[in-house]
Amino acid sequence: MKKGDQAPPSAAKLAARQVGLRGEAAAAALAVERGWLIHGRNLRLRAGEADLICVRDNGDGPIGRVVEVKSTADGRNEMEQRIDLAKRKRLWAMAKELATRLELIEVGVVVVFCVMESDAQRLTWLELDPW
């Protein structure tokens, strides 16, 4: 390997990435089932990267959600602990930026917890309160 070359990702990293991609796809499908349109995926904003950007019209105007997806394949349920105060603040900063960019009348933050179970997944949609 030459200087500056990066080593290929390990099998564990590749497997974790696949779990993340499956979780994001499942979360997007859940959002659509709930009446949301997927406006963007892995969108870079000043405060960070939003896994999903969802929008819809509520009759009074456009509303949106920044969706953070947390996925696991090992069945552990402590994923809530992965959304600490600093992460919540970044998610709400992304939501506020999104509201300005898209001229939304309402914006929010959702965390979708996705537990992979062989060929299926268990999903939890959680709307976060602002801090």
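1. Read from the N terminus onward, the order of elements in the chain is α-β-β-β-α-β-β. The chain thus described is a predicted model, and its inventory comprises two helices and five strands.

2. As to overall dimensions, the C-alpha trace spans about 55 × 40 × 25 Å along its principal axes. The chain has an accessible surface of about 8100 Å², with carbon and sulfur atoms contributing 50% of that area.

3. On burial and contacts, 40% of the 131 residues in the chain count as buried. Among contacts with a separation of 6 or more, 55% link residues that are 24 or more positions apart.

4. Where does F113 lie, and is this residue buried or exposed? F113 belongs to strand β4, which covers residues 106-117. F113 counts as buried because its relative accessibility is 6%, and the cut-off for that class is under 20%. Relative to N42, F113 is 71 residues away in sequence, and the C-alpha to C-alpha distance between the two is 17 Å.

5. Concerning aromatic rings, how many aromatic pairs does a search of the whole structure find? The count is zero. A contact of another kind involves W36: R56 lies over the face of W36, at 3.9 Å from the ring centre.

6. Regarding charge, the chain carries 21 positive and 19 negative charges. The mean position of the positive charges and that of the negative charges are 7 Å apart.

Methods
Residues are numbered from 1 along each chain as its sequence is written. This is a predicted model: local features need pLDDT of at least 70, side-chain atom pairs count only at pLDDT 80 or more; totals for chains, interfaces and linings use all residues. Side-chain values use heavy atoms; hydrogens and water are left out. Rings of Phe, Tyr and Trp (its six-membered ring) pair if their centres lie within 6.5 Å; planes under 30 degrees apart count as stacked, over 60 as edge-to-face and the rest as tilted. A charge sits over a ring if NZ of Lys or CZ of Arg is within 6 Å of the ring centre and within 35 degrees of the ring normal. Helices (H or I, at least four residues) and strands (E, at least two) are DSSP runs, numbered from the N terminus. Buried means under 20% relative accessible area, exposed over 50%, partly exposed in between (1.4 Å probe, protein chains only). Contact means heavy atoms within 4.5 Å. Accessible areas come from the Shrake-Rupley method with a 1.4 Å probe; for residues, only the protein chains shown count as cover. Lys and Arg count as positive and Asp and Glu as negative; His and the chain ends are not counted. The place of a charge is taken as NZ of Lys, CZ of Arg, CG of Asp or CD of Glu.
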